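Me: Could you take a close look at one part of this structure with me? Please start with strand pairing and then follow the surroundings outward.

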Amino acid sequence: MSPASDLLAATLAQADFHPRLPQQRRLYEAAKVAIHQNRLGAGNKLPSTRDLASDLGIARNTVIAAFGQLAAEGYVNSVLGSGTYVADLRELARGMRSGGKDVTGQQHTMPTVAPAPPLSRRGEELTRYAAGARYEIQPFAPGDADFSSFPFKQWQRLQNRVWREARADLLDYGQCGGYLPLRQAITEYLRLSRSVKVSVEQVMITSGTQQSLDLCAQLLADAGDTAWVEDPCYWGARRVFQARGLKLHPVTVDADGMALEPEDLATRPRLVYVTPSHQYPTGAVMSLSRRRALLDVAVRKNAWILEDDYDSEFRYTGRPLAALQGLDHDNRVVYMGTFSKVLYPGIKVGYMVAPRELVEPFKSALYDLQRPGQLMVQAALADFMALGHFTTHVRKIRQIYGARRETLRRTLAQHLGAKAAQLVAISSEESGLHLVVELPDWADDVALQALAREAGLSVYPLSSYYLAPPVRRGLLVGYAYVTPEKIAYYGKLLASVIQSGVRR
Ligand SMILES: Cc1ncc(COP(=O)(O)O)c(C=O)c1O
């Protein structure tokens with residue numbers, strides 16, 4: 001056996017291949033490893049296909065196929081009438097360093113992969129701000145819904161029906177802003193439930209609010225433009241704007257929502273991001289006078305308002321509040337909603353209602369930049385809405401979450417003790433998926449988050465949502481997916497964590 005045959009036989013024997021991997025792939029992989037490790041060095045002549053086949057006890061055609069693949073990928077060169085030679089990988093990839101010996105004992109260049117190029121400046125920025133990592137879901141993580149109440153069976157039936165119909169057109173990319181019946185169902189829903197002024201042409205299906213925001217940031221603003229954002233702010237929106245090079249101008253939020261001051265009005269925003277129905281994370285509802293004032297400012301400044309209506313389905317008493325978009329007579333508002341909360345985040349379906357002049361540019365950019373798809377899911381969702389299952393589901397989870405909210409409030413009040421209870425304020429509005437427990441200024445909410453994590457609880461510090469001082473201290477406590485029994489148990493633990501944090 002030649003040294004090269006020996007080497008390949010040994011490499012094949014050591015490799016941990018999938019049992020169904022064909023012989024020719026095994027040989028090809030083994031040769032690649034030997035070449036990369038420079039055990040088969042550049043310029044080495046491989047055995048003839050006949051000899052190697054006989055040395056390894058395999059068919060010659062198998063060797064021919066493996067050599068063919070290696071040649072096609074540039075690992076070896078076939079020289080007519082002479083044989084097959086290992087290629088010099090340095091010529092293929094620059095930046096490889098030297099070392100190692102080949103089977104003939106000659107010193108050769110060690111081809112190692114060149115270090116990955118450093119990130120772009122944008123990449124550096126993006127990763128520097130990374131904030132979206134999810135820890136394991138533990139009790140009280142804010143924003144998480146209870147997926148166990150998802151109507152799996154119903155959904156399965158609708159999904160099966162769509163697949164049974166075998167509509168090839170639904171396997172294509174989604175063009176024209178998404179599946180028309182879904183856009184119609186959303187139009188109806190928004191008119192009835194959210195008082196949005198909308199016709200079906202204005203509705204575009206996206207893969208969620210994050211994508212809607214990103215499209216707006218790309219199409220409506222240039223790098224260096226200013227975006228007014230609520231302070232404290234939803235980190236997802238903040239990240240998108242930063243990623244697109246926008247300057248964030250934080251505007252303080254109080255009990256009536258975004259509170260514009262003269263120093264804010266002295267700046268020129270291109271975009272204004274708001275969550276007027278239920279400010280994230282404080283829960284404030286923007287007052288009517290503030291809504292009107294904001295719309296006026298948008299006209300005067302020629303700015304676009306991005307209304308993120310992410311959780312308006314979760315209003316536990318009274319009617320849901322009307323959307324800001326419904327008050328807009330000047331077409332300054334881009335309204336966005338999502339099925340992430342009300343169905344499940346992985347569905348990746350959201351929607352945007354764009355002013356008429358933006359519809360065509362948005363649709364073409366959506367197609368060019370994102371290549372939307374998932375029409376099968378959109379079709380099932382359209383049926384889910386048209387058949388009334390959506391309304392039933394919302395009603396059901398609204399009841400569940402409302403009761404859990406009350407249980408959490410009661411449990412905390414019961415276990416905080418009179419002294420701590422006087423020092424904290426538990427949010428009282430009747431909506432959303434989390435409560436805010438506001439803490440006194442001296443409390444360190446970041447340290448409390450760490451303390452809570454040690455107790456197996458996941459709560460978020462309010463101060464971390466702020467862009468500028470002064471920050472308010474508090475904890476965001478999610479209740480939607482925690483069962484009442486668990487709320488009673490873990491709520492007591494949380495109360496003791498809070499007690500320790502407010503002690504002077
Ligand atoms: C304020 C806010 N907007 C939007 C979303 C949902 O966005 P998406 O549709 O991208 O899942 C969330 C989710 O946590 C949110 O908190």
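Reply: Happy to. Two strands count as paired here if DSSP finds at least two bridges between them. Please keep in mind that this is a predicted model.

With that in hand, let's look at an open sheet of four strands, which follow one another in the order β11-β12-β14-β13 with antiparallel pairing. The edges are taken by β11 (425-426) and β13 (460-461); each has a single partner strand, so one side of each is left without a neighbour in the sheet. Between β12 (residues 434-439) and β14 (residues 473-478) there are six bridges, and these two strands pair in the antiparallel sense. If you would like one bridge to find on screen, go to Glu438, whose partner in β14 is Gly474.

Next, add the helix. α15 (residues 389-423) lies across β11, β12 and β14, and its direction makes an angle of about 5 degrees with β12. A good residue from which to view this region is Ile498. Setting aside neighbours within four places in sequence, Ile498 is in contact with Leu412, Leu416, Val424, Val437, Leu439 and Leu475.

Ile498 also leads us to the packing. The largest nonpolar core has 66 residues, and Phe339, Leu381 and Ile498 touch the most other members. The element that gives the most to this core is helix α14 (residues 375-386), with nine residues. Domain 2 (150-387) and domain 3 (394-502) both give residues to this core, so it lies between them. For orientation, the domain assignment also gives a domain 1 (3-92); the centre of domain 1 and that of domain 3, taken over C-alpha atoms, are 63 Å apart.

Apart from the largest core lies another, of 28 residues, with Ala237, Tyr273, Leu306 and Met336 among them. Met336 is a handy link to a second set of strands, where Met352 in β10 is the bridge partner of Met336. Strand β9 (residues 333-338) and β10 run antiparallel and are joined by four bridges. Strand β3 (residues 203-206) is joined to β10 by four bridges too, again antiparallel, and here Ile205 has Tyr351 as its bridge partner.

Which way do the residues of β10 (residues 350-353) point? Gly350 and Met352 point one way, Tyr351 and Val353 the other, and all are buried. In a regular strand, side chains alternate between the two faces of the sheet.

Close to hand in this tour is Ser212, part of helix α9 (residues 209-220). Ser212 has 0% relative accessibility and therefore counts as buried. Beyond neighbours within four places in sequence, Ser212 is in contact with Thr206, Met336, Tyr351 and Met352.

One last check concerns the cysteines. How many disulfides does the structure hold? Zero. A disulfide here would need two cysteine sulfur atoms within 2.5 Å. For Cys176, the closest cysteine sulfur is that of Cys216, 19 Å away and therefore too far for a bond. For Cys233, the closest cysteine sulfur is also in Cys216, 14 Å away, again too far for a bond. As for their settings, Cys176 counts as exposed because its relative accessibility is 55%, while Cys233, at 0%, counts as buried.

How values were computed: Residues are numbered from 1 along each chain as its sequence is written. This is a predicted model: local features need pLDDT of at least 70, side-chain atom pairs count only at pLDDT 80 or more; totals for chains, interfaces and linings use all residues. Side-chain values use heavy atoms; hydrogens and water are left out. Buried means under 20% relative accessible area, exposed over 50%, partly exposed in between (1.4 Å probe, protein chains only). Domain bounds come from an automatic or database domain assignment. Contact means heavy atoms within 4.5 Å. Axes are lines fitted to C-alpha atoms, for helices over the stretch in contact, and angles run from 0 to 180 degrees between N-to-C directions. A nonpolar core is a set of buried Ala, Val, Leu, Ile, Met, Phe, Trp, Tyr and Cys residues joined through side-chain atoms within 4.5 Å.
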